[in-house]
Amino acid sequence: MFYNGIKDYKRYGGVWMELITEKINNKTRDIDKKSTIEILEIMNEEDKSVAYAVERQLPNIAKAVDKITESFQNGGRLIYIGAGTSGRLGILDASECPPTFSTNKDQVIGIIAGGNKAITDAIEGAEDNPLAGRKDLENINLTKVDTVVGIAASGNTPYVLGAIEYANIMGCTTIGLSCNQGSKLSKLANIPITPVVGPEVITGSTRLKAGTAQKMVLNMLSTASMIGMGKVYGNLMVDLNPSNEKLINRSKRIIMEATDVEESEAEKYLNLSQNNPKAAIVMIETNCEYIEAINLLDKFNGSIYKSVGHKLSN
C-alpha cells in the first residue's frame with residue numbers, strides 16, 4: 001500500500017514530541033540567559049556527541065557504501081533525496097563529487113522537495129507530498145541499478161517516504177538516513193542509518209546536531225564509495241578535475257607527492273596527460289605513454305596501484 005502522505009503526516013501531530021529530534025534539551029533551557037562564550041561552549045559540548053552517534057552506525061554505513069560501489073560498477077547512480085536542510089545537504093555532497101573525483105555530473109544526484117528554488121528558499125508544504133517524491137525520481141528515469149538515499153532528520157517526511165517507496169518498487173537499493181530510532185524511513189529503507197544525536201540545542205532545529213550527523217554520513221557514503229572506485233591513490237585525491245588555477249596547482253602537488261618528482265616534471269606530465277593526474281602518475285611510475293596509461297587505468301577500473309603493478313610485473 002502506498003504511503004498515505006498528508007493524512008499520515010497530520011496524524012503525527014499528536015505524537016510529534018515523542019521524536020527525540022523534537023524533544024526539549026534540558027541542558028539548554030536557559031541558553032538565552034548565557035553570555036556569548038557560554039552559548040558557544042554549550043553548542044560545542046553538544047556537538048561532541050555527534051561523532052559517537054555516527055560511529056555506532058558504521059556497520060550499516062559500510063553496507064551502504066558497498067551497495068553504492070556496486071551501483072557505480074553496474075553503471076548506476078547515487079541519488080540523494082530530501083527536504084529542507086536534509087535536501088540541501090544531499091545537493092551539497094553531490095555537487096562536490098565532479099570537482100573532487102571527476103565524476104559525471106549525473107553519477108551523483110541531489111534532489112530537494114520543491115525543486116531548485118528550495119535550495120535557497122523555504123518552499124512551504126513541499127515536504128508533505130509523497131507523490132512529489134515519487135515524481136521527482138520518475139523525472140530522472142530511475143532504474144533498478146541506482147541507489148537512493150532518503151535523508152530526513154525526523155525519518156517521517158512524506159516526500160522522502162514516497163520517494164523511497166517508489167525506489168523499492170523499482171528494485172533499487174534504498175538507504176534511509178534519519179536521526180530517530182524506529183522511524184518510518186528506517187523501517188522502509190533496505191539499509192537504515194540512524195545516528196541518534198538527541199534533542200537539539202534549539203528545540204527542533206535539526207540543521208544543528210542532526211544536520212551535522214547527516215553531513216558526516218554523506219561524506220562517508222560518497223568518499224568511501226569513490227575510494228572503492230579507484231579514485232584515490234594512497235590518501236591522495238588523484239581523480240580531481242583541474243578546472244582552475246587552484247586545482248591545477250593541487251594536481252601538480254599530488255603528482256609530486258605520488259611520484260617524488262620535482263614541480264617542473266610534474267607540470268610536464270600533467271600537460272602530457274591532458275590534465276589527467278592519474279594518467280600522469282602512471283606515465284611517470286611506469287615510463288609509458290599517455291595512451292597506454294589510459295588503457296591500463298581502463299583495464300583496472302581506474303586503480304593506479306593495480307595499473308602500475310601490472311605494468312611493472314610484465
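Reader: Among contacts in the protein between residues at least 6 apart in sequence, what percentage join residues at least 24 apart?
Author: This is a predicted model, in which local features need pLDDT of at least 70 and side-chain atom pairs count only at pLDDT 80 or more, whereas totals for chains, interfaces and linings use all residues. Residues are numbered from 1 along each chain as its sequence is written, and side-chain values use heavy atoms, with hydrogens and water left out. A contact means heavy atoms within 4.5 Å; when pairs at least 6 apart in sequence are taken, the share joining residues at least 24 apart is 66%.

Reader: How many helices and strands does the protein have?
Author: Both kinds of element are DSSP runs numbered from the N terminus, with helices being H or I over at least four residues and strands being E over at least two. On that basis the protein has 13 helices and five strands.

Reader: What distance separates the end C-alpha atoms of helix α8?
Author: The expected span of a helix is 1.5 Å times one less than its number of residues. For the 20 residues of α8 (residues 209–228) this gives 28 Å, and the model agrees, because the end C-alpha atoms are separated by 29 Å.

Reader: Is strand β1 largely enclosed or open, and which residues are buried on the side opposite Leu78, Tyr80 and Gly82?
Author: Buried means under 20% relative accessible area, exposed means over 50%, and partly exposed lies in between, using a 1.4 Å probe and protein chains only. Five of the five residues of β1 (residues 78–82) are buried, so the strand is largely enclosed by the rest of the structure. In a regular strand the side chains alternate between the two faces of the sheet. Both faces of β1 are covered, with Leu78, Tyr80 and Gly82 buried on one side and, on the other, Ile79 and Ile81.

Reader: Which residue of strand β2 stands opposite isoleucine 81?
Author: Two strands pair if DSSP finds at least two bridges between them, and β1 pairs with β2 (residues 108–112) in the parallel sense over five bridges. Within β2, the residue opposite isoleucine 81 is isoleucine 111.

Reader: Leaving aside neighbours within four places in sequence, which residues is asparagine 301 in contact with?
Author: Asparagine 301 lies in the loop between α12 (290–299) and α13 (304–312), and is exposed, with a relative accessible area of 64%. Its C-alpha atom is separated by 9.8 Å from that of glycine 228, although the two are 73 residues apart along the chain. Glycine 230, which follows α8, has a positive phi near 80°. Once neighbours within four places are left aside, asparagine 301 is in contact with Met229 and Gly230.
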